[in-house]
Amino acid sequence: MGVTSDLLRRVEQHRAAAVPGFTQKYGVFHLVYFERFRDISEAIAREKQLKGWKRTWKIRLIERSNPEWHDLTQRLRRRIAWIAMLLRRSGSPSRRAAQQPGKGIHLSDGSKSLCEAP
């Protein structure tokens, strides 16, 4: 579990084992849940809240929106590509917004076991 301003980059860091800690040690690299926030302080507060939850509560949270524990990385990539396309069509100078669509928290799984990566 963690807070990041660039979720895809963070997932790729985990997959490349570039981030030492729980994720690297246990080979956890599937994105199974994430939330987006406009304000980093809101994301940090939510992360702290979730870290205080029991493991079973976190599993229920994931399974409410992703009952099969699918890796959500490709879905996120498609969403970002779609936003970038819309921004290009509109002539918006804010392409960075498409690359970094808000702050957020993420939970990852390793063989259906919830992890709390630092």
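User: I would like to start with a single helix. Which residues of helix α1 (residues 7-15) are buried?

Analyst: In this predicted model, the buried residues of α1 are L7, L8, R10, V11 and H14. Looking down the axis of α1, these buried residues fall within an arc of 160°, so they line one face of the helix. Right after α1, the backbone of A17 takes a positive phi of about 55°.

User: How should I read a positive phi?

Analyst: Most residues other than glycine have a negative phi. Here A17 is not a glycine, yet its phi is positive, at about 55°. A17 sits in the loop between α1 and α2. With a relative accessible area of 36%, A17 is partly exposed.

User: Where is W69 found, and what is its phi?

Analyst: W69 is found in the loop between α4 and α5. W69 has a positive phi of about 55° although it is not a glycine.

User: Is W69 buried or exposed?

Analyst: A residue counts as buried when its relative accessible area is under 20%. The value for W69 is 7%, so W69 counts as buried.

User: I would now like to look at the chain as a whole. How many helices and strands does the protein chain have?

Analyst: The protein chain has six helices and four strands. Read from the N terminus on, these elements run β-α-α-β-α-α-α-α-β-β.

User: What share of the 118 residues in the protein chain is buried?

Analyst: Buried residues make up 39% of the 118 residues. As for the surface, the protein chain exposes about 7300 Å², and carbon and sulfur atoms supply 52% of that area.

User: How do I read contacts between residues that are separated along the chain?

Analyst: One way is to take the contacts in the protein chain with a separation of 6 or more and see what part comes from residues 24 or more positions apart. In this protein chain that part is 77%. Two pairs that share V32 show separation in sequence beside distance in space. V32 and W69 are 37 residues apart in sequence and 5.7 Å apart in space, C-alpha to C-alpha. I62 and V32 are 30 residues apart along the chain, and their C-alpha atoms are separated by 6.9 Å.

User: Where are V32 and I62 placed?

Analyst: V32 is in strand β2 (residues 30-37), and I62 is in helix α4 (residues 55-65). V32 counts as buried, at 0% relative accessibility. I62 is buried too, with a relative accessible area of 0%.

User: How is the packing of two helices described?

Analyst: Two packed helices are described by the angle between their axes and the distance between the axes. In this structure, the axes of α1 and helix α5 (residues 73-90) come within 10 Å and cross at roughly 145°. The crossing of α1 and α5 is left-handed. On the α1 side, the contact is made by L7, L8, V11, E12 and R15; on the α5 side, by T73, L76, R77 and I80. Among the contact residues of α1, L7, L8 and V11 also belong to its buried residues.

User: And how is a pair of aromatic rings described?

Analyst: A pair of aromatic rings is described by the distance of the centres and the angle of the planes. The structure holds two aromatic pairs. One of them is formed by F22 and Y26, and it is tilted, with 4.7 Å centre to centre and 40° between the planes. F22 and Y26 both lie in helix α2 (residues 22-26), four residues apart, which is about one turn of the helix. F22 counts as partly exposed at 29% relative accessibility, and Y26 is exposed, with a relative accessible area of 51%.

The rings of W53 and W57 also form an aromatic pair, which is edge-to-face: 6.2 Å centre to centre and 75° between the planes.

User: How accessible are W53 and W57?

Analyst: W53 is partly exposed, with a relative accessible area of 22%. W57 is partly exposed as well, with a value of 37%.

Notes:
Residues numbered from 1 in each chain as written. Predicted model: local features only at pLDDT ≥ 70, side-chain atom pairs only at ≥ 80, totals over all residues. Heavy atoms only, no water. Buried < 20%, exposed > 50% of the residue type's maximum accessible area, 1.4 Å probe, protein only. Helix = DSSP H or I, 4+ residues; strand = E, 2+ residues; numbered from the N terminus. Arc of directions from axis to C-beta. Contact = heavy atoms within 4.5 Å. Areas by Shrake-Rupley, 256 points an atom, 1.4 Å probe, with all protein chains shown as cover. Phe/Tyr/Trp six-rings, centres within 6.5 Å; stacked < 30°, edge-to-face > 60°. Axes fitted to C-alpha atoms, helices over the stretch in contact; angles between N-to-C directions. Left-handed = near helix turned anticlockwise from the far one by under 90°.
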